[in-house]
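I opened this model to look through its salt bridges, its cores, one helix and a few single residues. My entries follow in the order in which I looked things up.

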Amino acid sequence: MSLLRVEDVDVHYGDFQALYGVSLAVDEGETLAVIGSNGAGKSALLKTLVGWLRPSRGEVVFDGRPVGRLPAYRRVPLGISLSPEGRRLFPGLTVEENLLVGATRGRKGPWDLAAVYRLFPHVAEHRAQNAATLSGGEQQAAAIGRALMSNPRLLLLDEVSLGLAPIVVRQLYDALPGIRSAGTTVLIVEQDVRQALTVADRVQCLLEGRTVLEAPAASVTREQVFAAYFGI
């Protein structure tokens with residue numbers, strides 16, 4: 001059984017429709033990459049998964065339980081956690097204080113301060129600094145660490161590579177095998193298609209709020225991705 005299922009979901013921002021009949025499934029221990037250009041509906045999908053938006057049609061099912069009408073604060077204890085686009089750390093708190101915010105729900109699991117610091121040693125080096133003083137890559141690592149501190153079964157990563165140098169992006173993606181080996185299922189929303197495909201088991205491409213490609217990441221061709229991404 002899939003850990004997460006999205007079933008024929010429509011989503012609106014007011015009068016604007018962002019998603020049209022989108023469905024997806026993520027099995028336990030799997031990594032799914034959702035790709036697409038700006039305006040494809042990726043952010044709307046993540047906001048729907050975490051409870052910031054509610055489907056106008058269809059359902060979100062997590063571990064066999066419909067959660068599409070649950071608010072975000074009730075989804076975190078179930079095991080859904082988001083590392084948001086733009087990091088959104090608390091700038092006046094230290095790195096370690098930001099991480100501890102992620103642990104406030106008290107879920108049991110493998111992720112604690114020591115585990116996050118092993119995964120991201122450069123975060124450990126700056127644990128006493130205010131988050132506002134970190135580089136973009138360090139902030140992104142801290143944001144992922146904060147999401148892990150809630151011990152999620154499903155980790156949602158929104159635009160990990162946004163605004164970062166390629167070498168920093170590679171370092172962040174190099175941490176994903178360690179996250180998966182701890183038993184965490186991962187859904188990545190990403191514009192950097194090459195990086196996403198290197199870590200994903202499957203890929204799903206959105207275009208103007210609709211799914212236009214679903215395939216195993218190892219078998220999809222560059223031409224297929226290009227055609228789906230740009231609607232050719």
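**Salt bridges**

I began with Arg5, which counts as partly exposed because its relative accessibility is 28%; here buried means under 20% relative accessible area, exposed over 50% and partly exposed in between, with a 1.4 Å probe and protein chains only. I keep in mind that this is a predicted model, in which local features need pLDDT of at least 70 and side-chain atom pairs count only at pLDDT 80 or more, while totals for chains, interfaces and linings use all residues. Residues are numbered from 1 along each chain as its sequence is written, and side-chain values use heavy atoms, with hydrogens and water left out.

The partner of Arg5 is Glu7, and the closest N and O atoms of this salt bridge are 2.6 Å apart; the term stands for a side-chain nitrogen of Lys or Arg within 4 Å of a carboxyl oxygen of Asp or Glu. Glu7 is partly exposed as well, at 30% relative accessibility. By this rule I have a count of 8 salt bridges.

I then turned to Asp8 and Arg57, whose side chains meet in a salt bridge at 2.5 Å, N to O. This pair links distant parts of the chain, since Asp8 belongs to strand S1 (residues 2-13) and Arg57 to strand S4 (residues 57-62), 49 residues apart. For these elements I use DSSP runs numbered from the N terminus, with helices (H or I) of at least four residues and strands (E) of at least two. Asp8 is partly exposed at 35% relative accessibility, and Arg57 is partly exposed at 37%. Asp8, Asp10 and Arg57 are linked in a network of salt bridges.

One further pair is Glu28 with Arg153, whose side chains meet at 2.9 Å, N to O, in a salt bridge. Glu28 sits in the loop between strand S2 (16-27) and strand S3 (31-35) and Arg153 in the loop between H6 and S7, so this pair ties together parts that are 125 residues apart in sequence. Glu28 is partly exposed at 45% relative accessibility, and Arg153 is partly exposed at 22%.

**Backbone angles**

Which sign does phi of Asp8 have? I found a positive phi of about 50°, although Asp8 is not a glycine. Asp63 also has a positive phi, near 55°, and is a residue other than glycine. Asp63 lies in the loop between S4 and strand S5 (65-66), and at 38% relative accessibility Asp63 is partly exposed.

**Helix H6 and the cores**

How many of the 13 residues of H6 are buried? I read 12, so the helix is largely enclosed by the rest of the structure; among the buried residues are Gly137, Glu138, Arg146 and Leu148. I also checked the length of H6 (residues 136-148): the expected span, taken as 1.5 Å times one less than the number of residues, is 18 Å, and the end C-alpha atoms are 18 Å apart, which agrees.

The largest nonpolar core has 34 residues, and those with the most contacts inside it are Leu99, Phe120, Leu157 and Ile179. H6 gives the most to this core, with 6 residues. Such a core is a set of buried Ala, Val, Leu, Ile, Met, Phe, Trp, Tyr and Cys residues joined through side-chain atoms within 4.5 Å.

Leaving aside residues up to four places away in sequence, I list Leu46, Ser83, Ile144 and Val186 among the residues that Leu157 touches, contact meaning heavy atoms within 4.5 Å. A second, separate core of 30 residues includes Val22, Ala40, Leu49 and Leu82.

**His122 and Asp174**

His122 lies in helix H5 and is partly exposed at 28% relative accessibility. With residues up to four places away in sequence set aside, His122 touches Glu138 and Ala141. His122 and Ala142 are 20 residues apart in sequence, and their C-alpha atoms are 9.5 Å apart in space.

Is Asp174, in helix H7 (residues 166-174), buried or exposed? Asp174 is exposed, because its relative accessible area is 61%. The C-alpha atoms of Asp174 and Thr198, 24 residues apart along the chain, are separated by 10.0 Å.
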